[in-house]
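Subject: Structure handover and notes

Hello,

Please find the structure below, followed by notes on what was found in it.

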Amino acid sequence: MPTTPTRESALKLLPLTAFFILGAISVVIWWVPLTSSFALALRDDQYTHILLILPMSAALIFLDWKAPGASSGLAMSLGSASLGSVSLGSASLGSVLLVVAASVTFYVRWRVVAIPFDERLSLNMLALVVWWIAAFILCFGTSAFRRELFPLCFLFGMVPLPGFVLNLIVILLQQGSAAVAHFLFVVARVPVEQQGLLVHIPGLTVEVARECSSIRSSSMLLVTTMVLAQLLLRSPWRKALVVAVAIPLSVVKNGLRIFVIAMLATRLDPSFLTGRLHREGGIIFFLIALGAVFLLLWVFRRGEAEKRGIGSTGINARGVL
């Protein structure tokens, strides 16, 4: 019997409705970890990037949904999928991941093993993200998941890093920043000696303290670079290379900041050590690093355009022949 337009529209909306129901259930189950993560991001600069992850991920999926063309990501799924049409493999994978997420939460909530608060929060948020991804697969299928792989996996950025992981990253940033600053002093022919996190130059000893690790701006730079690479580039290896470059660039920008402030303090005015450039100047060096990222993106995007042009020319030439 032919399906009426009204019934067909209702069937198309079933996956989206089911997804929102599973999402609402997740908010109820993980309300405390979710609000705790947002509160942590608001009060601790080391976790500020968490506030950007969910809206950015939703925006990327929405842009793909609204993109022109019949093959645009989620639009195609909503146009053809129904709960009954999702493959058995998709249903199985989604169900297994739902069970995994629920099991992790049960394990953490009942405290089978004593776990510190920060690690419990990380595990709870990890389970929440897995639940969201499982719900997406269960409702829209694995083909839609593959198309929306980046924005869905991007959600893992909402998981607060436990203290022992964050401390290790901060230490690496401190050591890297001290090494970069030492290198810049050598290039500038300034007598310099480095002892761990201490950098000695004539008239000044700089300690790269935890507060000087630039963990906040480094996280923001990495998140911003990932989104820009996803939006502006097509090639997976080019995307990966840009993101990989952003990691050492985070260290370089902080080493440059230490070098500039130290040079200004020793050459011009010692007040630069406590002035606005030291307290609020991080945005300047963040923008310098972001400019370098944009330059690399422009080079790669131009390379992709030229490659597509060559391919198009080749097809036309073969057509003429």
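Helices (H or I, at least four residues) and strands (E, at least two) are taken as DSSP runs and numbered from the N terminus. On that basis, the chain has 13 helices and three strands. This is a predicted model, in which local features need pLDDT of at least 70 and side-chain atom pairs count only at pLDDT 80 or more, while totals for chains, interfaces and linings use all residues. Residues are numbered from 1 along each chain as its sequence is written, and side-chain values use heavy atoms, with hydrogens and water left out.

Overall figures

Buried means under 20% relative accessible area, exposed over 50%, and partly exposed in between (1.4 Å probe, protein chains only). By this measure 39% of the 321 residues are buried. A contact means heavy atoms within 4.5 Å. Of the contacts between residues at least 6 apart in sequence, 73% join residues at least 24 apart. Accessible areas come from the Shrake-Rupley method with a 1.4 Å probe, and for residues only the protein chains shown count as cover. The accessible surface of the chain is about 17700 Å², and carbon and sulfur atoms account for 70% of that.

Helix H9 and what follows

H9 covers residues 163–187. The expected span of a helix is 1.5 Å times one less than its number of residues. For the 25 residues of H9 this gives 36 Å, and the end C-alpha atoms are 36 Å apart, so the two values agree. The buried residues of H9 include Leu166, Val170, Leu173, Gly176, Val180 and Phe185. The partners against which the buried residues of H9 pack are helices H6 (117–140), H10 (215–232) and H11 (236–267), together with strands S1 (193–195) and S2 (198–201).

Arg189 comes just after H9, in the loop between H9 and S1. Its phi is near 60°, a positive value in a residue other than glycine. Arg189 is exposed, at 77% relative accessible area.

The three strands

Two strands are said to pair if DSSP finds at least two bridges between them. S1 and S2 run antiparallel and are joined by three bridges, with Glu193 opposite His200. The hairpin of S1 and S2 has two residues between the strands, and Gly196 in this hairpin has a positive phi near 65°.

S2 and S3 also pair in the antiparallel sense, over four bridges. His200 stands opposite Thr205 in S3, and Ile201 has Leu204 as its bridge partner. This hairpin too has two residues between the strands, and here Gly203 takes a positive phi near 85°.

Which residues of S2 form its covered face, and which its uncovered one? Val199 and Ile201 form the covered face, Leu198 and His200 the uncovered one. In S3 (residues 204–207) the side chains alternate: Leu204 and Val206 are buried on one face, whereas Thr205 and Glu207 point to the other and are not buried.

The loop between S3 and H10

Val208 lies in this loop and is buried, with a relative accessible area of 1%. Leaving aside residues up to four places away in sequence, Val208 touches Gln174, Ser177, Ala178, Leu197 and Ile258. The C-alpha atoms of Val208 and Gly176 are 9.8 Å apart, although 32 residues separate them along the chain.

Ser214 is in the loop between S3 and H10 as well. Its phi is positive, about 60°, although Ser214 is not a glycine. Is Ser214 buried or exposed? Ser214 is buried, with a relative accessible area of 11%.

Salt bridge

A salt bridge is a side-chain nitrogen of Lys or Arg within 4 Å of a carboxyl oxygen of Asp or Glu. The structure holds one: the side chains of Asp45 and Arg216 meet at 3.8 Å, N to O. The pair links distant parts of the chain, 171 residues apart, with Asp45 in the loop between helices H2 (31–43) and H3 (50–66) and Arg216 in H10. Asp45 is partly exposed at 44% relative accessible area, and Arg216 is partly exposed at 42%.

Nonpolar patch

Patches are made of residues with over 30% relative accessible area and no salt bridge; like charges are joined within 9 Å and nonpolar side chains (Val, Leu, Ile, Met, Phe, Trp, Tyr) within 5 Å. Ile21, Ile25, Val28 and Ile29 make a nonpolar patch of about 340 Å². Ile25 belongs to helix H1 (residues 5–29) and is partly exposed, at 35% relative accessibility. An α-helix has 3.6 residues a turn, so residues three or four places apart point the same way.

Regards
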